Amino acid sequence: MTTSAIRVRFAPSPTGFLHLGGARTALFNFLFARHHNGTFILRVEDTDQERSTGDSIQAIFDGLKWLSIDWDEGPFFQSERLELYRKVADRLLSEGKAYRCYCTSEELEERRKESLAKGIPPRYDGRCRDRSNFSEKPHVIRFRTPDLPQVVVHDLIRGDMKFNGNLLDDWVIIRSDGYPTYNFAVVIDDLEMQITHVIRGDDHINNTPRQITLFNALEAPLPHFAHIPMIHGPDRAKLSKRHGATSVMAYHEMGYLPHALVNYIARLGWSHKDQEIFSRQELIDYFDLDHVGSSPAVFNPEKLLWLNAQYIRNEDPSTLTNELLPFLKPVQHPFSPSSDGQGPDLPKIVEGWKTRVRTLVELADAVHPFRDQEFSISAEAHEKHLIPENQPLILLFLQRFLTVSEWTKENLEAVIGTIGLEQDMKLGKLAQPLRAALTGQNVSPGIFDVLLLLGREEVLRRLDKALTLIGPNK
RNA sequence: GUCCCCAUCGUCUAGUUAGGCCUAGGACAUCGCCCUUUCACGGCGGUAACACCGGUUCAAAUCCGGUUGGGGACGCCA
């Protein structure tokens, strides 16, 4: 058995919550590591002192944890590794591969605007390259980009990408506050952590040539690069807050099952033949970079909903009930469906509902009328079924249910069957008004299950209430 | 503006690496039918795509070039 030396990392910056794109990047890295029996590392890129927050760090951990994307090493924080970056910067400085720059942000900003206005690519002009008078004034350290005609990025997903070398300028590696910049810290850490495969969003493609020249300056081997396409909103722009719910935890709150989201996200940009539904193990077994596409994907909430429904229906009732608990609304007026005073059997109610809902929030709403005497009646149910024409029918149900000897499925079937014969109505016609009166909805578990779930007393109470609602008529 | 990337049904995609098995397959959504002691679930079927133009080849969704369209990056952000 050969132990694979594959090492990958997810390197979020803690400037917000974990969003779908980040979650997918994390997932692909995680799956790649697990598939190859490698190591998955979590590294927090918190070198932006102004924007990084502790809340964001926590939010990212929460998101990963909810999705069960767990890491083997870390979390490492770049803010705790400043010495390392400083040391490498000093080495580059002493080797003449980097230099101090005293230009101020304001000056640079002005020059950038000028360039942009003239339509030429903004790049640092190198004016501090050869200055020899150092002072204690605030300064940054810049990388002395070597003259190269071309930098080629070998990408596992896109093949070779060629960049014109003289488009790269002398970029900042250490800021005036002593913190490293992104492009610098990434390279140093990927090197130090012996990352073998850099799997990240393709918004980083343009950074890669810079990073490669730095790897070369350090005489270090290059990792493999794999740039995965972005996730877009319906307007085909990069997914952002503008598009509504992009935080992973928002999906938690909306009642999605974590694995449904994982499954959905995995299929955005990756595929395995025609398969749509994957267990966690299948994801690990089948995942590979070869089948990651190169074009961006538009996020489709409808399909996510469908997937979530699949997972809800395939979950066993007791597990599902546990997941449902936090979503349940408080019960104001409890009732006991059975004569022994037992409360409603939640798993049983869930069982009846699970093929009819798509989220846990929907399930919580659906379950509520089976736990509480107070429940809302939907406008559709009211307008369609709780109407004067149905008043006699509901009254008839009320009368017959009153006299049923024992509240069993068989007896109820017999009673309703009889009513059907008498009225010359099929069950379809009978069940809907009954359903509306008992649950306030047009959709519910099978009508006999509803009757049993509620118990005679509650059924009679609700029919009576429905009659009141319809009002005296005819 | 400059650089880079991308391009199969409305959407996610299979097929592209090794051109023929593709009169292009699956899934979501949508439409219709069926099942059913009921709503839903489910089953069956329909509509719907290789962006465009050239080239290579006996043969191109697949290879090459260009056009168009879309996206991303151009920070002392990541």
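# Reading a predicted protein–RNA model

Tutor: Let's start with one residue: T47 is found in the loop between β2 (39–44) and α2 (54–66). Keep in mind that this is a predicted model.

Student: Okay, is T47 buried or exposed?

Tutor: Buried means under 20% relative accessible area. T47 has a relative accessible area of 6%, so it counts as buried.

Student: Which residues does T47 touch, not counting residues up to four places away in sequence?

Tutor: Leaving those close sequence neighbours out, T47 touches S52, Q78, R175, Y179 and P180. Remember R175, as that residue is also one of those that come nearest to RNA strand B.

Student: Then let's go to the RNA. Which residues come nearest to RNA strand B?

Tutor: There are 65 residues around the strand, and R175, G269, R356, L427 and R435 come nearest. On the RNA side, sugar and phosphate make up 71% of the strand B atoms that come within 4 Å of the protein.

Student: What is found 2.9 Å from a phosphate oxygen of RNA strand B?

Tutor: That's a polar backbone atom of V298. Bases have partners too: a base nitrogen sits 3.0 Å from a polar backbone atom of I447, and a base oxygen is 3.3 Å from an N or O atom in the side chain of K303.

Student: Which elements give two or more residues to the surface near RNA strand B?

Tutor: Those are α4 (105–118), β7 (159–164), β12 (297–298), α10 (301–314), α17 (427–439) and α18 (447–454). With five residues, α17 gives the largest share. By residue type, the surface divides into 22 nonpolar, 23 polar and 20 charged residues.

Student: How do I read a nonpolar core? Which residues touch the most other members of the largest one?

Tutor: Look for who touches whom. The largest nonpolar core holds 103 residues, and F401, L451 and L463 touch the most other members. Helix α1 (residues 20–35) provides the largest share of this core, nine residues. As for L463, its contacts beyond four places in sequence are I394, F397, L398, F401, L434, A437 and L438. Apart from this core lies another, of 32 residues, including V88, L93, I174 and F215.

Student: Which domains does the assignment give for chain A?

Tutor: A domain can be written as more than one stretch, as you'll see here: domain 1 is 7–78 + 231–314, domain 2 is 81–228 and domain 3 is 319–470. The C-alpha centres of domain 2 and domain 3 lie 67 Å apart.

Student: Now backbone angles, please. What should I expect?

Tutor: Most residues other than glycine have a negative phi, and most peptide bonds are trans. Now the cases that go the other way. N37, in the loop between α1 and β2, has a positive phi near 60 degrees. E219, in the loop between α6 (208–217) and β10 (224–228), has a positive phi of about 55 degrees.

Student: Are N37 and E219 buried or exposed?

Tutor: Exposed means over 50%. N37 counts as exposed because its relative accessibility is 56%, and E219 does too, at 68%.

Student: And which peptide bond is cis?

Tutor: The one from G74 to P75, with omega near 5 degrees. P75 lies in strand β3 (residues 73–77).

Student: One more: where is R127 found?

Tutor: R127 is in the loop between α4 and β5 (140–143). Its side chain makes a polar contact with the side chain of D125, at 2.7 Å. Beyond four places in sequence, R127 is in contact with C103 and R111.

How values were computed
Residues numbered from 1 in each chain as written. Chains lettered and ligands numbered in written order. Predicted model: local features only at pLDDT ≥ 70, side-chain atom pairs only at ≥ 80, totals over all residues. Heavy atoms only, no water. Near = heavy atom within 4 Å. Polar contact = N/O pair within 3.5 Å; in protein donor to acceptor, adjacent residues only side chain to side chain. Helix = DSSP H or I, 4+ residues; strand = E, 2+ residues; numbered from the N terminus. Nonpolar A, V, L, I, M, F, W, Y, C, P; charged D, E, K, R; others polar. Core = buried A, V, L, I, M, F, W, Y, C linked by side-chain atoms within 4.5 Å. Buried < 20%, exposed > 50% of the residue type's maximum accessible area, 1.4 Å probe, protein only. Contact = heavy atoms within 4.5 Å. Domains from an automatic or database assignment.
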